[in-house]
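Me: I've got a structure open here and I'd like to go through the labels people put on it. Can you take me through the reasoning behind each one?

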Amino acid sequence: MRAFIVDRYGKNDNELRAGDVPEPTIGAHDVLVQVHAAGVNALDSKIRDGEFKLFLPYRPPFVLGNDVAGVVTRAGARVREFKPGDEVYARPGKNRIGTFAEFIAVHEDDLARKPKRLTMEEAASLPLVGLTAWQALIERAHLRKGQKVFIQAGSGGVGTFAIQLAKHLGATVATTTSTANAGLVERLGADTVIDYRKDDFETVLHDYDVVLHSLDNETLKKSLRVLKPGGKLISLSGPPDPDFAREMGKPWILRPATRVLSHAIRTAAKHRQVDYSFLFMRASGTQLREITSLIDDGAIEPVVDRVFPFESTNEAMAYVDEGHVKGKAVVKVRRTEVP
């Protein structure tokens with residue numbers, strides 16, 4: 001099958017290689033999914049560049065890609081929830097990525113049926129960002145009606161989803177974006193929109209319950225100052241904390257390093273009586289089914305900026321790397337057949 005492959009880690013002139021790889025084999029609890037579309041994420045670039053090579057088990061060469069929508073073509077002997085012909089979507093487990101390909105094997109626990117009202121391209125845009133927002137706002141922050149949440153980079157993939165989810169939960173939402181994207185985030189439900197090029201959010205926002213951080217270290221430090229005592233600062237971009245090491249299943253190897261890396265921010269958070277945590281989202285078919293219900297009910301809409309043909313996967317990666325994607329960029333892997 002055709003796929004896009006990481007041959008080596010590195011940031012400079014390190015495009016994915018288009019090549020042929022064996023079709024995946026499936027275990028008893030796996031399904032083989034024919035990939036129709038794959039979402040493109042900043043995480044893909046970070047993996048390609050080697051930023052997670054200490055934490056994740058990938059050894060080049062490997063197929064990249066973390067979001068998939070497609071059709072089940074084969075099911076393992078013990079699979080009960082899915083059958084050939086089912087339209088599905090998923091963020092594959094962290095040890096089994098590879099959606100920039102014509103087929104991928106996915107554990108049934110990581111899979112959900114595709115929302116009926118979405119195209120394959122729209123569905124492929126959602127799993128990673130949707131699960132990230134869900135695990136940050138619902139599972140970790142326990143966000144509830146009447147609370148205030150600051151979601152950074154509101155026009156990005158996680159931001160566009162998280163704003164809608166927070167409004168569904170009844171929260172008041174602030175976000176940062178550019179003037180050009182202010183209308184988008186307002187339509188999604190943002191109550192306070194801060195132009196990051198003109199205004200400093202820490203002079204505007206005060207006494208917030210939750211901050212979802214996804215930017216640089218300076219923004220992380222500023223984020224502490226907009227939270228009230230007892231607030232939660234949840235970071236998607238680090239530094240990783242010791243709990244992350246435990247979640248990755250490598251506490252004895254990673255915990256000392258993560259303790260050092262996150263010492264400054266954890267100390268500053270404790271001083272301000274704020275809880276700091278680093279979130280690296282995990283695959284969950286159960287949570288995806290909850291997300292599907294919200295989508296089918298019309299509570300959340302996908303935001304897709306551009307759809308690239310499969311052969312232009314490197315161009316899609318470069319587009320995401322520029323940092324100006326509204327919502328998500330998606331690769332269309334399987335062409336629609338004309339009767």
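Me: Let's start with helix α1. What covers its buried residues?
Reply: In this predicted model, the cover includes strands β1 (2-6), β3 (30-40) and β4 (62-63), along with helices α3 (127-140) and α12 (313-321).

Me: What makes α1 (residues 42-49) a mostly covered helix?
Reply: Count its residues: six of the eight are buried. Those are Leu 43, Asp 44, Ser 45, Ile 47, Arg 48 and Asp 49. Just after the helix comes Gly 50, with a positive phi near 95°.

Me: Why is Arg 48 called buried?
Reply: Buried means under 20% relative accessible area. Arg 48 has 10%, so the label fits.

Me: And what makes Arg 48 and Asp 321 a salt bridge?
Reply: The test is a side-chain nitrogen of Lys or Arg within 4 Å of a carboxyl oxygen of Asp or Glu. Here the N to O distance is 3.1 Å, so the pair passes. Asp 321 lies in helix α12 and Arg 48 in helix α1, so the bridge ties together parts that are 273 residues apart in sequence.

Me: Is Asp 321 buried, exposed or partly exposed?
Reply: Partly exposed: its relative accessible area is 40%, and that class runs between the 20% and 50% cut-offs.

Me: Which residues make up the salt-bridge network there?
Reply: Arg 48, Asp 49 and Asp 321 are linked in it. The structure holds 22 salt bridges.

Me: Let's take another one. How do you know that Glu 121 and Lys 332 form a salt bridge?
Reply: Their closest N and O atoms are 2.8 Å apart, and the limit is 4 Å. Glu 121 sits in helix α2 (residues 120-124) and Lys 332 in strand β16 (residues 328-332), so this pair joins parts 211 residues apart in sequence.

Me: Why do Glu 121 and Lys 332 get their burial labels?
Reply: Glu 121 comes out at 14% relative accessibility, so it counts as buried against the 20% cut-off. Lys 332 has 26%, so it lands in the partly exposed class.

Me: What about Arg 113 and Asp 86: what makes that a salt bridge?
Reply: The closest N and O atoms are 3.4 Å apart, which is within 4 Å. This pair links distant parts of the chain, 27 residues apart: Arg 113 is in strand β8 (residues 111-113), and Asp 86 is in the loop between β5 (68-75) and β6 (87-90). Arg 113 counts as partly exposed at 40% relative accessibility, while Asp 86 counts as buried at 9%.

Me: Phe 280 is in a loop. Why is it called buried?
Reply: Its relative accessibility is 12%, so it falls under the 20% cut-off. The loop in question runs between β14 (275-278) and α11 (285-296). Phe 280 touches Leu 43, Phe 52, Leu 56, Arg 91, Phe 244 and Met 248, leaving aside residues up to four places away in sequence.

Me: How far is Phe 280 from Ile 47?
Reply: In sequence, 233 residues; in space, 13 Å from C-alpha to C-alpha.

Me: Now the backbone. Which peptide bonds are cis?
Reply: One joins Pro 60 and Pro 61, where omega is about 0°. Another joins Gly 238 and Pro 239, with omega about 10°. Pro 61 is in the loop between α1 and β4, and Pro 239 is in the loop between β13 (227-235) and α8 (242-247).

Me: What is notable about phi at Asp 13?
Reply: It is near 50°, a positive value in a residue other than glycine. Asp 13 belongs to the loop between β1 and β2 (17-20). With a relative accessible area of 76%, it is exposed, because the bar for that is over 50%.

Me: And Ala 153, what is its phi?
Reply: Near 55°, again positive in a non-glycine residue. Ala 153 lies in the loop between β9 (148-151) and α4 (157-168) and counts as partly exposed at 27% relative accessibility.

Me: Last one: with 12 helices and 16 strands, why is the chain called as compact as a globular protein of its length?
Reply: Its radius of gyration is 20 Å, close to the 20 Å the globule rule gives for 339 residues, so the description holds.

Conventions:
Residues numbered from 1 in each chain as written. Predicted model: local features only at pLDDT ≥ 70, side-chain atom pairs only at ≥ 80, totals over all residues. Heavy atoms only, no water. Rg over C-alpha atoms; globule rule 2.2 N^0.38 Å. Buried < 20%, exposed > 50% of the residue type's maximum accessible area, 1.4 Å probe, protein only. Helix = DSSP H or I, 4+ residues; strand = E, 2+ residues; numbered from the N terminus. Contact = heavy atoms within 4.5 Å.
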